[in-house]
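Got your viewer open and a cartoon representation loaded? Here is a tour, stop by stop, of what to select and what you will find there.

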Amino acid sequence: MIWNKKKKSKEEVRKDFLEKLNIEKEMTEGQKKKILAVITYLTDGLLIFDRDGILSFINPRAEELLDVESKEVLGRQILELNIFPRFQLLVSLVGGGIKEFPKKELQIKENFILEVSATSMIVGKEKIGSSVILHDVSQQKSIERMKTEFVTLAAHQLRTPASIVKWTIQMLLDGDLGEMTKEQKEAIEKIRKTNEKMIRLVNDLLNVAEIEEGRYLSKLVLSDIEEIIQSVIEIYKETIKQKKLEFEFQKSEKRLPKVMLDKEKITIAVKNLIDNAVRYTSIGGRIRISTEIKEREGEIEVQIQDTGLAIPTDQQNKVFTNFFRGTNIMKVETEGTGLGLFITKNIIEAHKGKIGFISEEGKGSTFYFTIPIKERFSEFLTKEFY
């Protein structure tokens with residue numbers, strides 16, 4: 001595309017920028033210089049586009065981040081900026097119409113990542129342009145990557161000895177190494193329970209590391225979600241019986257289609273939700289699991305409803321964050337990693353599903369999640385998975 005509009009000088013563009021902000025006539029020359037100085041020397045990159053998508057302002061930091069000079073780019077329409085390599089990446093993110101969004105990551109090259117925000121500039125009720133802010137998060141991402149690598153390494157190093165301890169303990173309890181007294185068995189059983197908790201923590205840490213590395217779906221196969229739920233219920237049958245829980249699994253009236261799932265990961269998600277329901281529902285309480293097909297939305301919904309400990313209202317916004325545990329839960333159950341719901345949310349969202357909950361103290365909680373009906377692997381091959 002060829003643009004015939006004559007390019008303005010750098011000072012003319014800056015003057016136009018102030019006029020469009022409707023402050024040219026209201027400010028002294030000194031005030032205008034102060035505002036320009038603040039905007040110019042921001043530690044983040046700043047670009048201002050007018051209503052026609054023409055670049056009206058770029059500060060030195062943005063020039064540095066995008067590897068351009070202001071004289072090369074000012075006065076150009078956004079699509080014309082595609083001729084500059086780094087601008088091309090930015091344009092592909094914000095689009096020709098400069099769509100508004102709070103934060104998106106843009107990888108310029110290896111170990112160089114920008115966090116991009118785009119906002120419409122409104123005066124009165126009229127849109128006069130758009131601003132784009134560029135924040136360099138390369139160092140932050142590098143630190144996060146090193147932290148994740150350390151957690152992964154540490155967890156793997158812990159997994160092997162924990163597994164050896166597990167099988168050795170089982171051999172002792174089974175009498176393979178000789179008979180033990182009642183007191184010895186009780187002591188070994190306590191060690192077994194402690195070791196199992198450590199194994200669960202190691203597995204949770206490895207799952208979190210995979211989430212942070214962005215490689216969370218690996219084995220998508222056509223699966224039956226109700227069969228997965230039933231297999232998890234079998235794990236808790238004895239506990240349900242011991243706690244005398246009123247338990248119901250209400251399957252969908254309509255036969256559910258098989259969908260593309262990472263069975264291992266979905267099993268973890270379902271197990272985390274059922275485990276919470278069973279663990280935090282008092283003796284004699286109720287748990288109801290249901291599945292339903294929502295054909296209009298093209299998804300399957302799963303609900304896990306309990307009459308157990310609810311989540312305090314003032315803490316509900318933290319439920320899906322890592323290491324969160326409700327204050328009321330910690331009073332009755334001191335152990336737990338606080339990673340289960342964080343992992344579950346990421347598993348569901350990796351499958352393009354949604355997760356939420358309703359919780360009221362004194363009544364219990366209902367957690368629900370949806371899984372889109374995707375029957376072919378190719379339906380997952382969107383840009384988010386490249």
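A crossing is left-handed if the near helix is turned anticlockwise from the far one by less than a right angle, and right-handed if clockwise. Keep that handy for the helix stops; and note that this is a predicted model.

**Stop 1: α9 and α11**

Select α9 and helix α11 (residues 340-350), whose axes come within 9 Å and cross at roughly 140°. Angles over 145 degrees would count as roughly antiparallel, and α9 and α11 are therefore oblique to each other. Which hand does the crossing of α9 and α11 have, left or right? α9 passes α11 in a left-handed crossing.

Now show side chains. On the α9 side the contact is made by Lys265, Ile266, Ile268, Ala269, Asn272, Leu273 and Asn276, and α11 brings Gly340, Leu341, Ile343, Thr344, Ile347 and Ile348. Colour the contact of α9 with α11 by class and you get 8 nonpolar, 4 polar and 1 charged residues.

**Stop 2: α8 and α9**

Keep α9 (residues 263-279) and add helix α8 (residues 225-242): their axes come within 9 Å and cross at roughly 40°. α8 and α9 are therefore oblique to each other. This time the crossing is right-handed as α8 passes α9. For the contact, pick Ile225, Ile228, Ile229, Val232, Ile233, Ile235, Tyr236, Thr239 and Ile240 in α8, plus Lys263, Ile266, Thr267, Val270, Lys271, Ile274, Asp275 and Val278 in α9. By class, the contact of α8 with α9 comes out at 12 nonpolar, 2 polar and 3 charged residues.

While Ile266 is on screen, notice that it appears in the contact with α8 and also in the contact with α11.

**Stop 3: the mixed sheet**

Next, select the strands β7, β9, β10, β12 and β11. In that order, these 5 strands form an open sheet with mixed pairing. Which strands stand at the edges? They are β7 (246-250) and β11 (355-360), each with a single partner strand, so one side of each is left without a neighbour in the sheet. From one strand to the next, the twist averages 10°.

Zoom in on strand β9 (residues 286-294), joined to β10 by 8 bridges in an antiparallel run. Ile287 makes a good landmark there: it stands opposite Asp306 in β10.

Bring the helices back. α8 packs on the sheet, touching β7, β9 and β10, and its direction makes about 170° with that of β7. α9 packs on the sheet too, touching β9, β10 and β12, with its direction at about 170° to that of β12.

**Stop 4: an aromatic pair**

A search of the whole structure turns up 4 aromatic pairs. Show Phe320 and Phe367 as sticks: their ring centres are 6.4 Å apart and their planes sit at 90°, so the pair is edge-to-face. This one links distant parts of the chain, 47 residues apart: Phe320 is in the loop between β10 (299-306) and α10 (327-332), whereas Phe367 is in strand β12 (residues 364-372).

**Stop 5: the antiparallel sheet**

Move on to the open sheet of 5 strands with the order β2-β1-β5-β4-β3, where the pairing is antiparallel. Its edges are β2 (55-58) and β3 (101-109); each has a single partner strand, so one side of each lacks a neighbour in the sheet. The twist averages 25° from one strand to the next.

Add helix α5 (residues 85-94), which lies across β1 (45-50), β2, β3, β4 and β5 (126-136) and runs at about 150° to β3.

**Stop 6: two hairpins**

Start with β3 and β4. What separates the strands of this hairpin? There are 2 residues between them, and Asn111 in the turn has a positive phi of about 65°. β3 and strand β4 (residues 112-123) run antiparallel, joined by 6 bridges. Label Lys104, which stands opposite Val116 in β4, then Leu106, whose bridge partner in β4 is Leu114.

Finish on the hairpin of β1 and β2, with 4 residues between the strands; Gly53 there takes a positive phi near 80°. β1 and β2 pair in the antiparallel sense over 3 bridges, and Phe49 has Leu55 in β2 as its bridge partner.

Methods:
Residues numbered from 1 in each chain as written. Predicted model: local features only at pLDDT ≥ 70, side-chain atom pairs only at ≥ 80, totals over all residues. Heavy atoms only, no water. Axes fitted to C-alpha atoms, helices over the stretch in contact; angles between N-to-C directions. Parallel < 35°, antiparallel > 145°, perpendicular 65-115°, else oblique. Contact = heavy atoms within 4.5 Å. Nonpolar A, V, L, I, M, F, W, Y, C, P; charged D, E, K, R; others polar. Pairing = 2+ DSSP bridges. Phe/Tyr/Trp six-rings, centres within 6.5 Å; stacked < 30°, edge-to-face > 60°.
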